[in-house]
Amino acid sequence: MNLIPPRKNPGSNYYQYSPIVENTVLICYIYKFIMSNLVETGIVIFQGREYDGIDSVPGITPVNKTRNMRFSPPGRNKQIPEIVKTSLDSGEVILSYRGATLIPTNEGEFLGNLAARIASEQADGSSYTVFDIGTGTGILAILLEKGLRGKTGVVVASDISGPALEVAEINFRINGIQNPPELRRRDMLEGLVAEFGRPDLIVSNPPFYTEGRYCGNGFDPDIALNGGADGLNFYNRLFAQSAGVLSDQGLIIAQIQDMNLTRILRSLERFLPGVRAGIVVGPQERICGLVAGSKESVSRYSHQVVF
């Protein structure tokens, strides 16, 4: 299979936060604390004092990460951070919280930029609607908002997890998003079409590990990685609920791994017969995404059309 490799995407820089308090603290308390003390000016109020940004708070030390945490389960004496900060190549800052959201990957950022490009090119003056399903940290929604800046459109970011939505709202605020995406606590596409109409673009980073291959690392939430016995639980539901919902020229972009590519393509054919599909090659020239929709759009935005 000859794939046209894209321009290499430089790796993101990861920063690890030390625990804010010494004793064990409920994660939801940390969310509410940070959210209540971050203001639009970028000043952080921490323990009654003002600091010029999060990095200047004492006890928060940047750490270069050479690999994603989820591939290195914690050892007996390994400390798991409460908060991890990722600096994207485009300048945005994404906070990830232990037990609530994943740490953004290079592949996720790559697909987010692709989705933003699609939204920017396809928004033609009429209202353009994007659904970010399982938004987590809100990274995809943030990049999409940039793509639609100055255009008529709406980004809807949904997640079944309340803590994840709190993290997404924090990230919208610290990145100074001018028109924050609409946040909804929903199970997949539940109620979104009735409220916002048919989407022109659906994006998602589904949990794709099978139960046999999934291994928790103490940071990532299980719900965001465990895709069930065959790794297809989320994909099956996403494709099934997208049937008859997408606008006429609508697209689906989903993050995938090559280990389950064939099964995901079969699921797509089953629930969305007649739709075209193509694969996207990301950093390290690895398959990282699936684009599904019309023949013209799939040919334009994927590296190779599969069917």
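Two strands count as paired if DSSP finds at least two bridges between them. Keep that in mind for the exercises, and remember that this is a predicted model.

**Exercise 1. Find out where the predictor is confident and where it isn't.**

Step 1: Start with the whole chain. Its mean pLDDT is 78, and 72% of the residues get to 70 or more.

Step 2: Go to the extremes. Strand β9 (residues 201-204) has the highest confidence, at 98, while strand β1 (residues 13-16) has the lowest, with a mean of 34.

Step 3: Mark the weak stretches. Residues 1-41 have a pLDDT below 50, yet this stretch makes 96 contacts in the model beyond near neighbours in sequence. Residues 59-74 are also below 50, with 41 contacts of that kind.

**Exercise 2. Work out the strand order of the open sheet and name its edge strands.**

Step 1: Read across the eight strands: β8-β7-β6-β9-β10-β12-β11-β13, with mixed pairing.

Step 2: Look for strands that pair on one side only. Those are β8 (182-185) and β13 (304-305), the edges of the sheet.

Step 3: Check how β13 is held. It pairs with β11 in the antiparallel sense, over two bridges, and Gly278 sits opposite Val305 of β13.

Step 4: Add the helices. Helix α2 (residues 106-122) packs on the sheet and touches β6, β9, β10, β11 and β12, with its direction at about 170 degrees to that of β10. Helix α4 (residues 162-174) packs on the sheet too, touching β7 (153-159) and β8, and its direction makes about 170 degrees with that of β8.

**Exercise 3. How many bridges join β11 to β12, and which residue of their hairpin has a positive phi near 60 degrees?**

Step 1: Count the bridges. There are six between β11 and β12, and the two strands run antiparallel. Arg276, for instance, faces Gly293 in β12.

Step 2: Inspect the turn. Five residues lie between the strands of this hairpin, and Gln284 is the one with the positive phi near 60 degrees.

Step 3: Look at Glu285, in the loop between β11 and β12. Glu285 isn't a glycine, but its phi is positive as well, about 55 degrees. With a relative accessible area of 48%, Glu285 is partly exposed.

Step 4: Set Met188 beside it. This residue belongs to the loop between β8 and α5 and has a positive phi of about 60 degrees, again without being a glycine. Is Met188 buried or exposed? Buried means under 20% relative accessible area, and Met188 has 4%, so it counts as buried.

**Exercise 4. Decide how enclosed α2, α3 and β11 are.**

Step 1: Take α2. Of its 17 residues, 12 are buried, so the rest of the structure largely encloses this helix. Among the buried ones are Glu107, Phe110, Leu114 and Ile118. End to end, α2 reaches 24 Å between its first and last C-alpha, close to the expected 24 Å.

Step 2: Move to α3 (residues 139-147). Eight of its nine residues are buried, so α3 is largely enclosed. The buried set includes Ile139, Leu143 and Glu145, and their cover includes β5 (93-97), α2, β6, β7, α4 and β9.

Step 3: Finish with β11. Five of its six residues are buried, so β11 is largely enclosed as well.

**Exercise 5. Which residues touch the most other members of the largest nonpolar core?**

Step 1: Recall the general trend: nonpolar side chains tend to be buried together in soluble globular proteins.

Step 2: Find the hubs. The core has 34 residues, and Ile133 and Phe239 touch the most other members.

Step 3: See who contributes. Elements giving at least two residues each include β6 (128-133), α6 (233-242), α7 (261-271) and β12 (287-293).

Step 4: List the partners of Phe239. Beyond four places in sequence, it contacts Ile252, Ile264, Ser267, Leu268, Phe271, Leu272 and Leu290.

Step 5: Note that another core, of 32 residues, lies apart from this one; Ala115, Val155, Ile177 and Val298 are among its members.

**Exercise 6. Describe the surroundings of Val291.**

Step 1: Place it. Val291 is in strand β12.

Step 2: Check its exposure. Val291 has 0% relative accessibility, so it counts as buried.

Step 3: Name contacts beyond four places in sequence. They include Leu114, Ile252, Gly278, Val280, Val298 and Tyr301.

Step 4: Compare with His303, 12 residues away along the chain: the C-alpha atoms of Val291 and His303 are 9.6 Å apart.

Definitions and conventions
Residues numbered from 1 in each chain as written. Predicted model: local features only at pLDDT ≥ 70, side-chain atom pairs only at ≥ 80, totals over all residues. Heavy atoms only, no water. Core = buried A, V, L, I, M, F, W, Y, C linked by side-chain atoms within 4.5 Å. Buried < 20%, exposed > 50% of the residue type's maximum accessible area, 1.4 Å probe, protein only. Helix = DSSP H or I, 4+ residues; strand = E, 2+ residues; numbered from the N terminus. Contact = heavy atoms within 4.5 Å. pLDDT = per-residue confidence, 0-100. Axes fitted to C-alpha atoms, helices over the stretch in contact; angles between N-to-C directions. Expected span 1.5 Å × (residues − 1).
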